[in-house]
Amino acid sequence: MSFGGISLALYYVLAAHAQADYDLLLKGGHVIDGRNKLSAVRDVAIKDGKIAAVAANIAASRAVKTVDAAGLYVTPGLIDIHVHVFPGLVKNSYAAGSWGLQPDGFTLRSGVTTVADAGSSGWRNFEDFKVRIIDTQKTRVLAFLNIVGAGMGPGAIEQNLADMEVKPAADLALRYPGTIVGVKSAHFNGPEWTPYINAEEVGKTAHIPVMVDFGGNVRAGRTLYDLLTKYFRPGDIFTHMYGGHRGEQDPDTKGPSQAMIEGRKRGVIFDVGHGGASFLWSCAVPLMKAGFIPDSISTDLHYSSMNAGMKDMLNVMDKFLALGMSLDDVILRSTWNPAKEIRHEELGHLSVGAPADVTVLRLEKGAFGFTDQTGGRLDGSSKLVSELTIRDGVVVYDLNGLSAIPWEKVPPPAPRKNAKQ
Ligand SMILES: [Zn+2]
(Lines give C-alpha, C1' and ligand atoms only; values in the text may rest on other atoms or scores of the structure.)
Protein backbone atom coordinates (compact mmCIF):
# COMPACT_ATOMS: atom_id res chain seq x y z
CA MET A 1 0.00 0.00 0.00
CA SER A 2 1.20 3.51 -0.62
CA PHE A 3 0.14 7.05 0.17
CA GLY A 4 0.99 9.45 -2.62
CA GLY A 5 3.89 7.26 -3.65
CA ILE A 6 5.36 6.63 -0.18
CA SER A 7 5.26 3.25 1.51
CA LEU A 8 2.99 2.51 4.45
CA ALA A 9 5.98 2.05 6.76
CA LEU A 10 7.45 5.40 5.77
CA TYR A 11 4.00 6.98 6.10
CA TYR A 12 3.78 5.86 9.73
CA VAL A 13 7.30 7.13 10.44
CA LEU A 14 6.49 10.52 8.94
CA ALA A 15 3.13 10.65 10.75
CA ALA A 16 4.81 9.87 14.09
CA HIS A 17 7.36 12.65 13.54
CA ALA A 18 4.65 15.11 12.60
CA GLN A 19 2.61 14.35 15.74
CA ALA A 20 5.37 14.05 18.34
CA ASP A 21 6.52 17.10 20.22
CA TYR A 22 10.14 15.97 19.91
CA ASP A 23 12.26 13.93 17.51
CA LEU A 24 14.72 12.75 20.14
CA LEU A 25 14.78 12.77 23.92
CA LEU A 26 17.90 12.23 26.03
CA LYS A 27 16.49 11.11 29.34
CA GLY A 28 18.01 11.21 32.81
CA GLY A 29 21.56 12.29 32.00
CA HIS A 30 23.62 14.74 34.04
CA VAL A 31 23.59 17.88 31.91
CA ILE A 32 26.63 20.17 32.02
CA ASP A 33 26.03 23.50 30.27
CA GLY A 34 28.52 26.14 31.38
CA ARG A 35 26.87 29.06 29.63
CA ASN A 36 23.57 28.37 31.38
CA LYS A 37 25.32 27.51 34.66
CA LEU A 38 23.61 24.14 34.72
CA SER A 39 25.12 20.97 36.17
CA ALA A 40 22.30 18.64 37.20
CA VAL A 41 20.19 15.70 36.03
CA ARG A 42 17.91 16.91 33.27
CA ASP A 43 16.09 15.63 30.19
CA VAL A 44 17.05 17.22 26.85
CA ALA A 45 14.57 17.23 23.97
CA ILE A 46 15.42 17.90 20.33
CA LYS A 47 13.11 18.90 17.49
CA ASP A 48 13.98 19.85 13.88
CA GLY A 49 17.70 19.97 14.64
CA LYS A 50 17.37 22.40 17.56
CA ILE A 51 17.29 22.09 21.33
CA ALA A 52 13.55 22.18 22.10
CA ALA A 53 13.45 21.74 25.88
CA VAL A 54 15.67 21.12 28.90
CA ALA A 55 13.68 20.14 31.97
CA ALA A 56 13.62 17.90 35.02
CA ASN A 57 11.09 15.50 33.54
CA ILE A 58 9.92 15.26 29.94
CA ALA A 59 7.62 12.32 29.18
CA ALA A 60 9.10 9.75 26.82
CA SER A 61 5.69 9.51 25.12
CA ARG A 62 6.23 12.98 23.68
CA ALA A 63 9.26 11.92 21.62
CA VAL A 64 9.65 9.71 18.55
CA LYS A 65 12.78 8.24 20.08
CA THR A 66 14.11 8.23 23.64
CA VAL A 67 17.69 7.51 24.69
CA ASP A 68 18.31 6.43 28.27
CA ALA A 69 21.20 8.65 29.41
CA ALA A 70 21.04 7.74 33.10
CA GLY A 71 24.52 7.58 34.59
CA LEU A 72 25.96 9.52 31.65
CA TYR A 73 26.90 13.16 31.09
CA VAL A 74 25.08 15.21 28.46
CA THR A 75 27.05 18.20 27.21
CA PRO A 76 27.05 20.61 24.29
CA GLY A 77 28.92 19.19 21.27
CA LEU A 78 32.63 19.62 21.92
CA ILE A 79 34.46 22.42 20.08
CA ASP A 80 38.12 21.93 19.20
CA ILE A 81 39.60 25.18 17.88
CA HIS A 82 43.03 23.84 16.96
CA VAL A 83 43.11 21.03 14.38
CA HIS A 84 44.68 20.36 10.97
CA VAL A 85 42.07 18.89 8.66
CA PHE A 86 43.05 19.91 5.10
CA PRO A 87 44.36 16.62 3.71
CA GLY A 88 45.60 16.18 0.16
CA LEU A 89 48.41 14.88 -1.97
CA VAL A 90 51.23 17.34 -1.16
CA LYS A 91 54.00 15.57 0.75
CA ASN A 92 55.00 16.84 4.23
CA SER A 93 52.34 19.56 4.19
CA TYR A 94 49.39 20.59 6.34
CA ALA A 95 48.04 22.52 3.34
CA ALA A 96 46.36 20.04 0.99
CA GLY A 97 48.90 17.53 2.23
CA SER A 98 49.85 14.30 3.91
CA TRP A 99 49.90 15.86 7.40
CA GLY A 100 46.21 16.82 7.42
CA LEU A 101 43.40 14.50 8.51
CA GLN A 102 39.87 13.99 7.19
CA PRO A 103 37.90 15.49 10.11
CA ASP A 104 34.90 13.12 10.30
CA GLY A 105 37.25 10.17 10.84
CA PHE A 106 38.54 11.64 14.11
CA THR A 107 36.06 14.15 15.51
CA LEU A 108 32.60 12.59 15.89
CA ARG A 109 33.93 9.52 17.71
CA SER A 110 35.50 11.88 20.27
CA GLY A 111 32.33 13.87 20.86
CA VAL A 112 33.57 16.80 18.75
CA THR A 113 30.96 18.46 16.53
CA THR A 114 32.83 21.67 15.60
CA VAL A 115 36.47 22.21 14.74
CA ALA A 116 38.50 25.20 13.64
CA ASP A 117 41.40 24.39 11.38
CA ALA A 118 44.36 26.38 12.71
CA GLY A 119 45.92 27.89 9.62
CA SER A 120 46.46 24.89 7.34
CA SER A 121 45.14 27.00 4.46
CA GLY A 122 46.00 30.53 3.34
CA TRP A 123 44.17 32.78 0.92
CA ARG A 124 45.66 30.96 -2.10
CA ASN A 125 44.22 27.54 -1.20
CA PHE A 126 41.33 28.19 1.23
CA GLU A 127 38.73 27.68 -1.48
CA ASP A 128 40.13 24.21 -2.29
CA PHE A 129 39.85 23.45 1.46
CA LYS A 130 36.28 24.73 1.47
CA VAL A 131 35.08 22.75 -1.53
CA ARG A 132 36.73 19.45 -0.60
CA ILE A 133 36.46 19.46 3.21
CA ILE A 134 34.44 22.26 4.82
CA ASP A 135 31.42 21.68 2.55
CA THR A 136 31.52 17.87 2.68
CA GLN A 137 31.89 16.87 6.34
CA LYS A 138 29.33 16.12 9.03
CA THR A 139 31.64 17.95 11.42
CA ARG A 140 31.14 21.72 11.38
CA VAL A 141 34.52 22.85 10.02
CA LEU A 142 35.65 26.46 10.48
CA ALA A 143 39.03 27.98 9.76
CA PHE A 144 41.75 30.29 10.96
CA LEU A 145 43.25 31.59 7.73
CA ASN A 146 47.04 31.48 7.64
CA ILE A 147 48.71 34.86 7.12
CA VAL A 148 50.95 33.01 4.64
CA GLY A 149 49.08 32.93 1.31
CA ALA A 150 50.18 29.34 0.65
CA GLY A 151 49.21 28.23 4.17
CA MET A 152 51.22 25.57 6.02
CA GLY A 153 53.04 24.27 2.99
CA PRO A 154 56.20 22.17 3.00
CA GLY A 155 59.74 23.46 3.44
CA ALA A 156 60.37 27.17 3.91
CA ILE A 157 56.92 28.31 2.73
CA GLU A 158 55.93 29.47 6.23
CA GLN A 159 59.06 31.65 6.45
CA ASN A 160 58.26 33.60 3.26
CA LEU A 161 57.59 37.19 4.39
CA ALA A 162 56.71 38.19 0.81
CA ASP A 163 53.71 35.83 0.87
CA MET A 164 52.22 37.35 4.04
CA GLU A 165 50.01 39.87 2.27
CA VAL A 166 47.27 41.66 4.15
CA LYS A 167 44.82 42.60 1.41
CA PRO A 168 44.06 39.26 -0.24
CA ALA A 169 43.78 37.56 3.17
CA ALA A 170 41.46 40.27 4.53
CA ASP A 171 39.34 40.24 1.37
CA LEU A 172 38.90 36.46 1.65
CA ALA A 173 38.06 36.63 5.36
CA LEU A 174 35.40 39.25 4.59
CA ARG A 175 34.00 37.00 1.82
CA TYR A 176 33.51 34.06 4.24
CA PRO A 177 32.32 35.56 7.53
CA GLY A 178 31.50 32.92 10.12
CA THR A 179 33.55 30.30 8.28
CA ILE A 180 36.89 32.10 8.47
CA VAL A 181 36.86 32.73 12.22
CA GLY A 182 40.38 34.01 12.71
CA VAL A 183 43.88 34.58 11.34
CA LYS A 184 46.83 32.31 12.16
CA SER A 185 50.55 32.79 12.27
CA ALA A 186 52.62 29.69 12.96
CA HIS A 187 56.09 28.21 12.91
CA PHE A 188 57.85 31.46 12.01
CA ASN A 189 61.49 31.40 13.05
CA GLY A 190 62.84 34.77 11.89
CA PRO A 191 63.50 37.82 14.07
CA GLU A 192 60.91 39.98 12.29
CA TRP A 193 57.52 40.96 13.67
CA THR A 194 56.00 41.14 10.15
CA PRO A 195 53.87 37.95 10.41
CA TYR A 196 52.14 39.19 13.58
CA ILE A 197 51.75 42.78 12.42
CA ASN A 198 50.18 41.63 9.15
CA ALA A 199 47.96 39.04 10.86
CA GLU A 200 46.69 41.77 13.20
CA GLU A 201 45.90 44.00 10.22
CA VAL A 202 43.79 41.23 8.70
CA GLY A 203 42.13 40.57 12.04
CA LYS A 204 41.24 44.23 12.54
CA THR A 205 39.84 44.54 9.01
CA ALA A 206 37.74 41.37 9.24
CA HIS A 207 36.86 41.78 12.96
CA ILE A 208 38.26 38.37 13.86
CA PRO A 209 40.90 37.25 16.38
CA VAL A 210 44.49 36.26 15.64
CA MET A 211 45.86 32.92 16.86
CA VAL A 212 49.62 32.56 17.20
CA ASP A 213 51.95 29.59 17.41
CA PHE A 214 55.04 31.61 18.34
CA GLY A 215 57.52 29.50 16.41
CA GLY A 216 60.28 27.22 17.55
CA ASN A 217 62.56 29.57 19.43
CA VAL A 218 62.38 32.47 21.79
CA ARG A 219 64.63 35.11 20.26
CA ALA A 220 66.17 38.23 21.67
CA GLY A 221 64.19 41.08 20.19
CA ARG A 222 61.08 38.95 19.54
CA THR A 223 59.83 38.09 23.00
CA LEU A 224 56.60 36.56 24.24
CA TYR A 225 56.22 39.60 26.50
CA ASP A 226 56.09 41.94 23.52
CA LEU A 227 53.73 39.64 21.58
CA LEU A 228 51.23 39.40 24.42
CA THR A 229 51.44 42.97 25.68
CA LYS A 230 52.12 45.06 22.54
CA TYR A 231 51.11 43.25 19.37
CA PHE A 232 48.09 41.22 20.55
CA ARG A 233 44.62 42.69 20.94
CA PRO A 234 42.36 41.44 23.76
CA GLY A 235 40.63 38.30 22.43
CA ASP A 236 43.66 37.16 20.43
CA ILE A 237 44.67 33.58 21.14
CA PHE A 238 48.03 32.28 22.31
CA THR A 239 47.98 28.55 21.52
CA HIS A 240 50.45 25.91 22.79
CA MET A 241 50.28 27.61 26.21
CA TYR A 242 51.97 24.65 27.93
CA GLY A 243 54.64 24.18 25.24
CA GLY A 244 57.29 25.38 27.66
CA HIS A 245 59.86 26.68 25.20
CA ARG A 246 58.57 30.07 24.15
CA GLY A 247 58.86 31.99 27.40
CA GLU A 248 55.73 30.68 29.13
CA GLN A 249 57.49 29.96 32.43
CA ASP A 250 59.26 32.14 34.95
CA PRO A 251 62.86 30.85 34.93
CA ASP A 252 63.01 30.74 38.74
CA THR A 253 59.59 29.70 39.99
CA LYS A 254 58.65 27.66 36.86
CA GLY A 255 55.19 29.21 37.25
CA PRO A 256 53.72 31.58 34.64
CA SER A 257 56.09 34.18 33.24
CA GLN A 258 55.39 37.89 33.52
CA ALA A 259 54.44 37.78 29.81
CA MET A 260 51.65 35.25 30.49
CA ILE A 261 50.42 37.14 33.58
CA GLU A 262 50.33 40.51 31.80
CA GLY A 263 48.73 38.92 28.72
CA ARG A 264 45.91 37.45 30.76
CA LYS A 265 45.32 40.77 32.49
CA ARG A 266 44.89 42.37 29.05
CA GLY A 267 42.32 39.79 27.92
CA VAL A 268 44.58 37.57 25.80
CA ILE A 269 43.09 34.07 25.41
CA PHE A 270 45.22 31.06 26.39
CA ASP A 271 44.58 27.83 24.48
CA VAL A 272 46.08 24.35 25.01
CA GLY A 273 46.86 23.22 21.42
CA HIS A 274 48.52 20.03 22.72
CA GLY A 275 49.91 18.69 19.43
CA GLY A 276 52.97 16.53 19.01
CA ALA A 277 55.51 18.94 20.50
CA SER A 278 53.59 21.56 22.46
CA PHE A 279 52.57 20.02 25.77
CA LEU A 280 54.97 19.37 28.63
CA TRP A 281 53.97 18.19 32.10
CA SER A 282 56.98 20.19 33.36
CA CYS A 283 55.16 23.31 32.14
CA ALA A 284 51.51 22.34 32.63
CA VAL A 285 51.86 21.09 36.23
CA PRO A 286 53.48 24.24 37.72
CA LEU A 287 51.29 26.62 35.69
CA MET A 288 48.13 24.78 36.75
CA LYS A 289 49.34 24.75 40.38
CA ALA A 290 49.78 28.51 40.13
CA GLY A 291 46.20 28.80 38.87
CA PHE A 292 47.16 29.55 35.27
CA ILE A 293 44.41 27.44 33.70
CA PRO A 294 43.46 27.31 30.00
CA ASP A 295 40.63 29.38 28.56
CA SER A 296 40.10 26.67 25.94
CA ILE A 297 41.15 23.04 25.63
CA SER A 298 42.18 21.99 22.12
CA THR A 299 44.12 19.18 20.51
CA ASP A 300 46.29 20.40 17.60
CA LEU A 301 45.13 17.17 15.97
CA HIS A 302 47.22 16.13 12.97
CA TYR A 303 48.74 13.07 11.33
CA SER A 304 51.35 12.45 14.02
CA SER A 305 50.14 14.14 17.23
CA MET A 306 47.17 11.74 17.39
CA ASN A 307 49.41 8.70 17.77
CA ALA A 308 51.83 10.28 20.24
CA GLY A 309 51.20 11.90 23.64
CA MET A 310 47.97 13.37 22.32
CA LYS A 311 45.24 10.92 21.34
CA ASP A 312 42.07 12.91 20.81
CA MET A 313 39.97 15.69 22.36
CA LEU A 314 38.75 13.50 25.23
CA ASN A 315 42.32 12.50 26.07
CA VAL A 316 43.34 16.17 26.38
CA MET A 317 40.28 16.83 28.54
CA ASP A 318 41.21 13.80 30.69
CA LYS A 319 44.61 15.37 31.31
CA PHE A 320 42.96 18.38 32.93
CA LEU A 321 40.82 16.11 35.10
CA ALA A 322 44.08 14.42 36.13
CA LEU A 323 45.51 17.88 36.93
CA GLY A 324 42.61 18.47 39.33
CA MET A 325 40.19 20.51 37.21
CA SER A 326 36.52 19.73 37.83
CA LEU A 327 34.49 18.04 35.09
CA ASP A 328 32.20 21.09 34.87
CA ASP A 329 35.23 23.29 34.25
CA VAL A 330 36.72 20.91 31.69
CA ILE A 331 33.43 20.88 29.75
CA LEU A 332 33.14 24.70 29.92
CA ARG A 333 36.60 25.04 28.40
CA SER A 334 35.75 22.55 25.63
CA THR A 335 32.37 24.03 24.66
CA TRP A 336 31.18 27.52 25.58
CA ASN A 337 34.61 29.15 26.03
CA PRO A 338 35.93 28.13 22.59
CA ALA A 339 32.57 29.07 21.03
CA LYS A 340 32.98 32.59 22.39
CA GLU A 341 36.63 32.76 21.30
CA ILE A 342 35.70 32.08 17.65
CA ARG A 343 32.59 34.28 17.96
CA HIS A 344 30.08 31.51 17.36
CA GLU A 345 27.94 32.19 20.39
CA GLU A 346 25.07 30.15 18.98
CA LEU A 347 27.22 27.09 19.75
CA GLY A 348 28.66 25.54 22.89
CA HIS A 349 25.48 25.44 24.98
CA LEU A 350 22.09 23.74 25.21
CA SER A 351 19.76 26.75 25.29
CA VAL A 352 16.34 26.24 23.72
CA GLY A 353 16.62 27.16 20.04
CA ALA A 354 20.37 26.44 19.81
CA PRO A 355 21.62 23.98 17.15
CA ALA A 356 21.24 20.49 18.64
CA ASP A 357 24.94 19.60 18.77
CA VAL A 358 25.06 17.31 21.79
CA THR A 359 27.61 14.89 23.21
CA VAL A 360 26.85 12.07 25.64
CA LEU A 361 29.87 11.04 27.69
CA ARG A 362 30.67 8.26 30.13
CA LEU A 363 33.17 8.96 32.90
CA GLU A 364 35.13 5.80 33.58
CA LYS A 365 36.91 5.37 36.89
CA GLY A 366 40.12 3.37 37.16
CA ALA A 367 43.88 3.61 36.78
CA PHE A 368 44.88 5.55 33.68
CA GLY A 369 48.11 7.11 32.39
CA PHE A 370 48.48 10.28 30.37
CA THR A 371 51.61 11.16 28.43
CA ASP A 372 53.08 14.42 27.22
CA GLN A 373 55.28 15.09 24.17
CA THR A 374 58.33 13.53 25.83
CA GLY A 375 56.49 10.34 26.81
CA GLY A 376 56.46 11.44 30.47
CA ARG A 377 53.40 10.06 32.27
CA LEU A 378 50.97 11.56 34.75
CA ASP A 379 48.62 9.10 36.44
CA GLY A 380 44.90 9.77 36.69
CA SER A 381 41.75 8.05 37.84
CA SER A 382 39.16 9.31 35.33
CA LYS A 383 38.67 8.84 31.63
CA LEU A 384 35.95 10.21 29.36
CA VAL A 385 34.41 8.00 26.69
CA SER A 386 32.11 9.30 23.97
CA GLU A 387 28.90 7.29 23.88
CA LEU A 388 26.77 9.35 21.51
CA THR A 389 27.40 12.35 19.28
CA ILE A 390 24.59 14.39 17.77
CA ARG A 391 25.06 17.10 15.12
CA ASP A 392 22.11 19.36 14.30
CA GLY A 393 19.76 16.81 15.87
CA VAL A 394 21.11 13.81 13.93
CA VAL A 395 22.96 10.95 15.65
CA VAL A 396 26.37 10.84 13.93
CA TYR A 397 28.17 8.46 16.31
CA ASP A 398 26.75 5.86 18.69
CA LEU A 399 29.34 3.65 20.39
CA ASN A 400 26.98 1.16 22.06
CA GLY A 401 23.82 1.60 20.03
CA LEU A 402 22.09 3.71 22.69
CA SER A 403 19.83 5.20 20.03
CA ALA A 404 19.32 1.90 18.22
CA ILE A 405 16.58 -0.72 18.72
CA PRO A 406 17.03 -4.48 19.38
CA TRP A 407 17.87 -6.20 16.12
CA GLU A 408 14.80 -8.45 16.28
CA LYS A 409 12.59 -5.35 16.03
CA VAL A 410 14.30 -3.94 12.96
CA PRO A 411 11.97 -4.39 9.96
CA PRO A 412 13.43 -6.54 7.20
CA PRO A 413 15.13 -4.54 4.49
CA ALA A 414 13.20 -4.06 1.25
CA PRO A 415 14.19 -6.61 -1.39
CA ARG A 416 16.94 -5.28 -3.63
CA LYS A 417 16.17 -5.00 -7.27
CA ASN A 418 18.36 -7.16 -9.50
CA ALA A 419 20.24 -8.40 -6.45
CA LYS A 420 22.62 -11.19 -7.39
CA GLN A 421 22.44 -14.06 -4.92
ZN1 LIG B 1 48.76 23.40 14.85
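Mentor: Two strands count as paired if DSSP finds at least two bridges between them. This model is a predicted one, and strand 8 with strand 10 makes a good test case.

Trainee: What makes strand 8 and strand 10 a pair?

Mentor: Strand 10 covers residues 112–122, and 4 bridges link it to strand 8. The rule asks for at least two, so the two strands qualify as a pair. The sense of the pairing is parallel. For one bridge by name, take L78, whose partner in strand 10 is V112.

Trainee: Which sheet holds strand 8, and in what order do its strands lie?

Mentor: Strand 8 belongs to an open sheet of 7 strands, with the order 8-10-11-12-13-14-15 and parallel pairing.

Trainee: Why are strand 8 and strand 15 called edge strands?

Mentor: Strand 8 (78–83) and strand 15 (269–270) each have a single partner strand, so one side of each has no neighbour in the sheet.

Trainee: Which strands pair with strand 16, and in what sense do they run?

Mentor: Strand 7 (residues 73–76) is joined to strand 16 by 4 bridges, and the two run antiparallel. V74 has V360 in strand 16 as its bridge partner. Strand 16 is also joined to strand 17, by 12 bridges and again antiparallel. There, T371 stands opposite R377 in strand 17. Set against the minimum of two, both counts pass, so both are pairs.

Trainee: What lies between the strands in the hairpin of strand 16 and strand 17?

Mentor: That hairpin has 5 residues between its strands, and G375 takes a positive phi near 90°.

Trainee: How many bridges join strand 17 to strand 18, and how many residues lie between them?

Mentor: The bridges number 4, with the strands antiparallel. I390 faces V395 in strand 18. These strands form a hairpin with 2 residues between them, and D392 in the turn has a positive phi of about 50°.

Trainee: Where are the domains in the chain, and how far apart are their centres?

Mentor: Domain 1 is made of 2–75 + 358–363 + 386–408, while domain 2 is 78–341. Their C-alpha centres are 33 Å apart.

Trainee: How do you know which residues of domain 1 and domain 2 are in contact?

Mentor: A contact needs C-beta atoms within 7 Å of each other. By that test, 13 residues of domain 1 meet 14 residues of domain 2. On the domain 1 side, strand 16 (358–371), strand 17 (377–391) and strand 18 (394–398) each supply at least two residues. By class, that side has 5 nonpolar, 6 polar and 2 charged residues.

Trainee: What describes the packing of helix 3 and helix 4?

Mentor: Two packed helices are described by the angle between their axes and the distance between the axes. For helix 3 (residues 166–175) and helix 4 (residues 194–206), the axes come within 9 Å and cross at roughly 35°. The crossing is right-handed. V166, A169, A170, A173 and L174 in helix 3 meet N198, E201, V202, T205 and A206 in helix 4. This contact has 7 nonpolar, 2 polar and 1 charged residues.

Trainee: How do you know whether the radius of gyration of the chain agrees with that of a compact globule?

Mentor: A compact globule of 421 residues would have a radius of gyration near 22 Å, and the chain has 23 Å, so the values agree. The C-alpha atoms fill a box of roughly 80 × 45 × 40 Å along the principal axes.

Note on methods
Residues numbered from 1 in each chain as written. Predicted model: local features only at pLDDT ≥ 70, side-chain atom pairs only at ≥ 80, totals over all residues. Domains from an automatic or database assignment. Contact = placed C-beta atoms within 7 Å. Nonpolar A, V, L, I, M, F, W, Y, C, P; charged D, E, K, R; others polar. Axes fitted to C-alpha atoms, helices over the stretch in contact; angles between N-to-C directions. Left-handed = near helix turned anticlockwise from the far one by under 90°. Rg over C-alpha atoms; globule rule 2.2 N^0.38 Å.
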